[in-house]
Amino acid sequence: MPSADLSRPPNAATAMPESWRGDIVAAIGERETVIACLELDLNLRLRFDRGIVVLTDRHLLAKAPGDPDWQRWEFRADLVLQHHDHAGV
């Protein structure tokens, strides 16, 4: 079994979920590079539904299940990402 090359990050464009590819490409800028994607399977009511978070070289983008619009946060010096768990979820 070949070992993975951990010296380079995976190509996020090829790791994009195929079902989201068109939406992501339409949401990012012309010269924006996708670094990572995280597909989610819970909505705000903790019911199974599909959403996605996309990290690019310029923004953090998120599309909540059932929401037609992307949420977008442009990177800047005062931007802070906070994370917390809700009942282990």
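A patch here is a group of residues with over 30% relative accessible area and no salt bridge, in which nonpolar side chains are joined within 5 Å. In this predicted model, Ile-35, Leu-55 and Phe-75 make up one such nonpolar patch, covering about 240 Å² of the surface. Leu-55 sits in strand β2, which runs over residues 48-56. With a relative accessibility of 31%, Leu-55 counts as partly exposed, so it passes the cut-off of over 30% for patch residues.

Now for the charged pairs. Searching the whole structure turns up three salt bridges. One of them also involves strand β2: the side chains of Arg-50 and Glu-39 meet at 2.9 Å, N to O. Arg-50 belongs to strand β2 and Glu-39 to strand β1 (residues 34-42), so this pair ties together parts that lie 11 residues apart in sequence. Both partners fall in the partly exposed class, Arg-50 at 41% relative accessibility and Glu-39 with a relative accessible area of 36%.

Another salt bridge brings together the side chains of Arg-21 and Glu-18, at 3.2 Å from N to O. Here the two partners fall into separate classes: Arg-21 is partly exposed, its relative accessible area being 24%, whereas Glu-18 is exposed at 59%. That split follows because exposed means over 50% relative accessible area, and partly exposed lies between that value and 20%.

The remaining pair is Asp-78 and Arg-76, whose side chains form a salt bridge at 2.6 Å, N to O. Asp-78 has 54% relative accessibility and so counts as exposed.

Notes: Residues numbered from 1 in each chain as written. Predicted model: local features only at pLDDT ≥ 70, side-chain atom pairs only at ≥ 80, totals over all residues. Heavy atoms only, no water. Patch = residues over 30% accessible without salt bridge, like charges linked within 9 Å, V, L, I, M, F, W, Y side chains within 5 Å. Areas by Shrake-Rupley, 256 points an atom, 1.4 Å probe, with all protein chains shown as cover. Salt bridge = Lys/Arg side-chain N within 4 Å of Asp/Glu carboxyl O. Helix = DSSP H or I, 4+ residues; strand = E, 2+ residues; numbered from the N terminus. Buried < 20%, exposed > 50% of the residue type's maximum accessible area, 1.4 Å probe, protein only.
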